[in-house]
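Okay, thanks for squeezing me in. Have the sequence and the structure open while I talk, and I'll go through the bits I flagged.

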Amino acid sequence: MLRFLIRRSLGAVVILLIISAVTFFLFYAVPRDPATLACGKNCTPDALAVIRKNMGIDEPIPMQYWHFMVGIVAGRQFNVGDCPAPCFGYSFANQDPVWQTILDRFPTTVSLTIGGAVVFLVIGLGAGMIAAWQKGTLIDKAFSSMSLLLSSMQIYFIGPLVLALVVYNLELLDQPKYVPLTQDPVGWFLGLLLPWLVIQIIFTANYTRLSRSSMIEQLQEDHVKAARAKGMSGKYVFFRYAWRGSLIPIVTIFGVDMGSLFGGAMITEWTFSLPGLGTLAVNSVQNTDLPMVMGVMLFAATFIILFNIIVDAAYAFIDPRVRLS
């Protein structure tokens with residue numbers, strides 16, 4: 001297992017280096033001069049030269065990328081101040097350190113992601129298992145139809161409707177907001193309850209359909225039929241043999257979803273005005289804040305790759321044959 005994880009980790013480092021290189025050259029080589037973007041409308045040649053020097057972009061592009069990567073590992077010195085590792089530079093918009101801004105926004109994204117994941121996993125997998133157990137019955141058809149209906153909806157459509165109904169009309173809940181868990185656990189829960197319920201709608205529908213189809217497929221496998229032929233109860237075969245085999249596609253999708261959500265649930269955070277990484281990314285794009293956009297992008301890519309490694313490790317645990325690949 002250790003050798004397996006080392007191989008996957010080394011591959012992840014190579015992928016991150018490629019992503020960082022491609023991202024850097026797209027952001028700093030393809031667009032117009034980043035210093036011009038940071039300088040604003042009333043920009044003079046002298047001010048532009050100072051900004052180029054302060055930003056460290058008065059050198060050739062390959063040298064800029066080298067300094068950028070060194071800054072991530074060992075820190076970097078800018079004219080505007082010292083930038084300790086991991087240094088992603090300073091924001092064009094407000095001169096705040098990119099890394100510290102990401103850390104400040106990350107707890108909101110983590111809270112939204114973990115809470116939503118707990119809800120959609122419990123409901124989605126539970127509904128899928130019941131539908132597979134009751135295959136062909138009215139319960140199965142009802143769950144399948146409901147999941148198909150909900151999966152066709154979008155958060156940017158459901159979110160405002162739920163806000164209008166629950167918050168503004170019925171006044172059952174206050175406007176969603178993020179409160180640190182350590183500061184006020186009850187306020188943290190109530191402030192994120194509505195976003196959790198909305199974000200889980202689409203994910204629950206997807207996991208219901210996926211777990212149902214995967215479970216039904218596993219129930220048709222030869223080893224499951226053999227277990228039944230030996231006289232084992234249907235419930236024991238269902239949970240002991242079919243359930244474990246059905247986890248592989250579920251783990252795959254869950255790893256991808258969690259990596260994406262940890263990188264910033266943009267639509268959900270923007271809909272409910274939550275100060276997470278998703279909202280930060282949207283605002284940075286609108287302000288053409290290249291260092292912040294690049295920092296959030298690399299941060300999100302790291303989590304996507306990290307969860308892919310976790311998925312690989314889970315594969316190796318579920319199916320030992322994967323360790324040999």
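Let's start with Ser 273, which comes out as exposed because its relative accessibility is 58%, and the cut-off for exposed is over 50%. Bear in mind that this is a predicted model. Where does Ser 273 lie? Go to the loop between helix H12, residues 266-271, and helix H13, residues 277-286. The reason I flagged Ser 273 is its backbone: phi is near 55 degrees, so a positive value in a residue other than glycine. For context, most residues other than glycine have a negative phi.

There's another one like that, Gln 95. Again not a glycine, and again with a positive phi, about 65 degrees here. Gln 95 sits in the loop between E2 and H5. Buried, exposed or partly exposed? Partly exposed, because the relative accessible area of Gln 95 is 44%, and that falls between the 20% and 50% cut-offs.

Stay in that loop, the one that runs from strand E2, residues 81-83, to H5, because Pro 86 is there too. The peptide bond joining Ala 85 and Pro 86 is cis, with omega at about -5 degrees. Most peptide bonds are trans, so that's one to look at by eye.

Now, on either side of that bond, look at the cysteines. Cys 83 and Cys 87 are joined by a disulfide, with the sulfurs 2.1 Å apart. How many disulfides does the model have in total? One. The dihedral about the S-S bond is 110 degrees, which makes the link of Cys 83 and Cys 87 right-handed. Both Cys 83 and Cys 87 are buried.

On to aromatics. The count is 18 aromatic pairs. Let me take one of them, Phe 25 with Tyr 65: the ring centres are 5.9 Å apart and the planes are at 40 degrees, so this pair is tilted. Phe 25 is in helix H1, residues 2-28, and Tyr 65 is in helix H4, residues 61-74, so the contact ties together parts that are 40 residues apart in sequence. As for accessibility, Phe 25 counts as partly exposed at 32%, whereas Tyr 65 counts as buried at 15%.

That pair also belongs to a cluster linked by ring pairs. Besides Phe 25 and Tyr 65, the cluster includes Phe 24, Phe 68, Phe 88 and Trp 99, and also Phe 106, Phe 262, Phe 299, Phe 303 and Phe 307.

Next, helix packing. Helix H5, residues 98-133, packs with helix H6, residues 138-151, at an angle of about 140 degrees, and their axes are 8 Å apart. So what do we call that arrangement? H5 and H6 are oblique to each other, because roughly antiparallel would need an angle over 145. The crossing of H5 and H6 is left-handed.

Last topic, the annotation. The UniProt record, an unreviewed entry, puts "transmembrane region" at residues 12-30, 112-133, 145-168, 188-208, 247-272 and 292-318. I'll set two of those against the model. Residues 188-208 are 100% helix and 0% strand, with the end C-alpha atoms 28 Å apart. Residues 145-168 come out at 88% helix and 0% strand, and there the end C-alpha atoms are 30 Å apart.

That's my list, so over to you for questions.

Definitions and conventions. Residues are numbered from 1 along each chain as its sequence is written. This is a predicted model: local features need pLDDT of at least 70, side-chain atom pairs count only at pLDDT 80 or more; totals for chains, interfaces and linings use all residues. Side-chain values use heavy atoms; hydrogens and water are left out. A disulfide is a pair of cysteine sulfur atoms within 2.5 Å. Buried means under 20% relative accessible area, exposed over 50%, partly exposed in between (1.4 Å probe, protein chains only). UniProt positions are given in the numbering used here, feature names are shortened, and annotations may be inferred rather than shown by experiment. Helices (H or I, at least four residues) and strands (E, at least two) are DSSP runs, numbered from the N terminus. Rings of Phe, Tyr and Trp (its six-membered ring) pair if their centres lie within 6.5 Å; planes under 30 degrees apart count as stacked, over 60 as edge-to-face and the rest as tilted. Axes are lines fitted to C-alpha atoms, for helices over the stretch in contact, and angles run from 0 to 180 degrees between N-to-C directions. Angles under 35 degrees count as roughly parallel, over 145 as roughly antiparallel, 65 to 115 as roughly perpendicular and the rest as oblique. A crossing is left-handed if the near helix is turned anticlockwise from the far one by less than a right angle, and right-handed if clockwise.
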